[in-house]
Amino acid sequence: MEALISAVLGDIVSRAISVVVEKCREQTTANEETTIEDNLQRLHQLLLRISAAVEEAEGRCITNQGMIRQVSMMIKQMFRGYYLLDSFKCRNNKTDDEEVSLSSFAQSKFNPAKRFRRLSSNTQIESMEIGRDSSKELKQVVLVLESMVADMKEFAIFLMNYPRMYRQPYGSYLFLDNCMFGRQMEKEQAISFLLQAEPLVGGNLGVLPIVGPRLIGKSTLVEHVYDDERVRNHFSLILRYRGNDLTHETATTFRDHCVIKHQNIAFGKERLLVVIELLGDVVEGAWKRLLQTSERCMAHGSKIIITSRSEKMVSVGTTQAIMLRCLSKEAYWYFFKMLVFGSTDPEEHPKLTSIAMELALVMRGSFVHACVVAAVLRAANLSAGFWSSVLREVRKYTQNNTLVFGEYPEDHMTRFIWSIPERLRSSEDRGLFLIHHSHQKGPATHGEVPRITLVDLISGTWSTLPRGKFEVLRWRSLIPPYYTYVYSCELVQNKNTRTEP
């Protein structure tokens with residue numbers, strides 16, 4: 001009997017302790033949630049002030065390098081804040097589609113929703129730990145933004161010393177389809193170099209290298225630089241070199257391979273700006289020969305901008321090179337969110353916002369992919385089911401190519417694209433595209449672009465599919481230099497393109 005009583009009392013004590021521990025845990029969680037809500041509200045208020053300051057700064061002609069760096073830091077923290085704010089808003093919103101499942105979220109280390117999903121009792125501790133890390137990050141972002149806001153009065157005083165731009169800045173983010181995103185400070189850095197006076201002695205020609213990988217936006221940045229009214233008023237002639245190799249160029253052939261981008265006849269001095277766009281690096285002897293010839297023929301104050309994918313070209317510059325990298329995940333999410341939702345408030349569609357955040361992570365910073373996918377999603381009229389299916393196909397695209405090549409493929413490699421909607425297939429086993437290569441065309445060839453667009457094929461709006469090899473319009477840029485991106489591809493059998501084990 002005593003043993004039975006001891007067992008019953010032990011069980012009662014154990015349950016009592018469990019209840020007390022659980023209540024303490026719930027109280028702690030409630031306190032943490034209250035703190036998080038307060039920080040989120042404060043973050044939202046800070047972002048409104050920072051956004052206003054950034055928009056004002058991007059409307060000014062800033063030439064001081066220190067101010068440019070300060071504005072760049074503000075923009076970076078603004079993107080980080082909005083990303084974190086949207087992450088917390090999406091944490092309790094689940095999609096009904098299997099593709100936005102908890103297991104898939106767990107595979108991405110950048111996925112904000114991963115921090116708050118509880119898959120089972122075995123993952124509760126891990127989720128709580130990740131949640132605490134998120135809370136720490138939230139506090140850190142709030143502190144950084146509060147520090148920036150505290151110095152805002154001094155920043156505004158310095159900002160007022162710079163004149164306003166003649167036109168609405170691209171950084172206002174009102175019409176992202178028609179503007180350059182995320183490169184405003186790089187643009188001001190390049191313009192500051194071009195307008196800077198060169199010393200009268202020494203005879204050195206100013207050279208600015210702009211280096212970055214393919215499709216990162218080098219040509220777009222340069223075009224926006226020499227289209228700026230300040231640059232056009234500073235140089236009497238702006239030339240763009242059309243070739244890809246300087247090895248065998250002479251002074252005569254180099255000039256023949258240049259096209260005039262701007263000419264100011266009324267300008268007295270023959271101050272030139274030459275833009276050279278190369279794919280790789282240049283032979284040292286050829287570059288020295290071209291530079292010596294240019295110094296003899298070009299007036300004092302003339303400048304050269306040279307773009308390349310090779311980081312070796314940094315050494316040819318007379319000033320600090322501009323290195324173009326992929327946007328951060330925070331900046332890319334801001335860009336993609338504005339493209340997808342436009343004037344629609346994302347807060348009114350938390351499920352769609354969660355899907356869009358996952359898409360932004362999967363697309364890995366590609367501007368073209370963001371524009372294509374955003375166009376497809378906008379055509380679906382905010383349908384969560386369709387958005388989930390697009391996410392599923394984008395994941396398949398990334399997974400198939402990763403399995404084939406071991407890493408994300410370059411544009412010159414043959415690779416797969418997502419499957420065709422069933423209603424467009426002419427047979428059961430023709431459902432995938434095989435992309436042989438992609439290329440870009442200049443604005444002069446816009447009349448020769450394919451009639452079939454990638455958006456039509458993905459969304460299923462094209463009535464009939466061609467047989468054999470054909471070209472598809474991947475995307476047509478609406479900003480200078482107005483490039484058109486084209487896929488050369490063909491339909492292949494499903495069974496022959498399956499890459500899953």
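**Close-up 1. Helices and strands both help to line the largest pocket of this predicted model.** Four elements each supply at least two residues of the lining: α7 (218–226), β2 (237–241), α13 (367–379) and β8 (430–441). The space they help to enclose comes to about 990 Å³. If you want to find the middle of this pocket, look for Leu215, Ser219, Gln440, Tyr483 and Tyr485, which are the closest to its centre among the 38 lining residues. Sorted by class, the lining of the largest pocket has 18 nonpolar, eleven polar and nine charged residues.

**Close-up 2. The second largest pocket holds about 860 Å³ of space.** Here 34 residues form the lining, and the closest to the centre are Ser72, Gly182, Met185, Glu186 and Gln189. Which elements give two or more residues to this lining? They are α2, α6 and β6 (322–323). Helix α2 gives the most, with seven residues. By class, the lining of the second largest pocket has 17 nonpolar, eleven polar and six charged residues.

**Close-up 3. Helices α2 and α6 meet each other.** Stay with these two helices for a moment. The axis of α2 (residues 65–89) comes within 10 Å of the axis of α6 (residues 184–195), and the two cross at roughly 170 degrees. Angles over 145 degrees count as roughly antiparallel, so α2 is roughly antiparallel to α6. On the α2 side, look for Gln65, Ile68, Val71, Ser72 and Ile75; on the α6 side, their partners are Met185, Glu188, Gln189 and Ser192. By class, this contact has four nonpolar, four polar and one charged residues. Some names may ring a bell from the previous view: Ser72, Met185 and Gln189 take part in this contact, and they are also among the residues closest to the centre of the second largest pocket.

**Close-up 4. Tyrosine 82 and tyrosine 334 form an aromatic pair.** A search of the whole structure finds nine aromatic pairs, and this view shows one of them. How far apart are the centres of the two rings? They lie 5.5 Å apart, with the ring planes at 55 degrees, so the pair is tilted. Tyrosine 82 belongs to helix α2, the helix you have just met, while tyrosine 334 sits in helix α11 (residues 329–341). The pair therefore ties together parts that are 252 residues apart in sequence.

Definitions and conventions: Residues are numbered from 1 along each chain as its sequence is written. This is a predicted model: local features need pLDDT of at least 70, side-chain atom pairs count only at pLDDT 80 or more; totals for chains, interfaces and linings use all residues. Side-chain values use heavy atoms; hydrogens and water are left out. Axes are lines fitted to C-alpha atoms, for helices over the stretch in contact, and angles run from 0 to 180 degrees between N-to-C directions. Angles under 35 degrees count as roughly parallel, over 145 as roughly antiparallel, 65 to 115 as roughly perpendicular and the rest as oblique. Contact means heavy atoms within 4.5 Å. Ala, Val, Leu, Ile, Met, Phe, Trp, Tyr, Cys and Pro count as nonpolar, Asp, Glu, Lys and Arg as charged, and the others, Gly among them, as polar. On a 1 Å grid over the protein atoms alone, a cavity is a set of points where a 1.4 Å probe fits but cannot get out, and a pocket is an open set with protein on both sides within 12 Å along at least five of seven lines; lining residues have an atom within 4 Å of a point. Grid points are joined across faces, edges and corners, and a volume is the space filled by probe spheres set on the points. Rings of Phe, Tyr and Trp (its six-membered ring) pair if their centres lie within 6.5 Å; planes under 30 degrees apart count as stacked, over 60 as edge-to-face and the rest as tilted.
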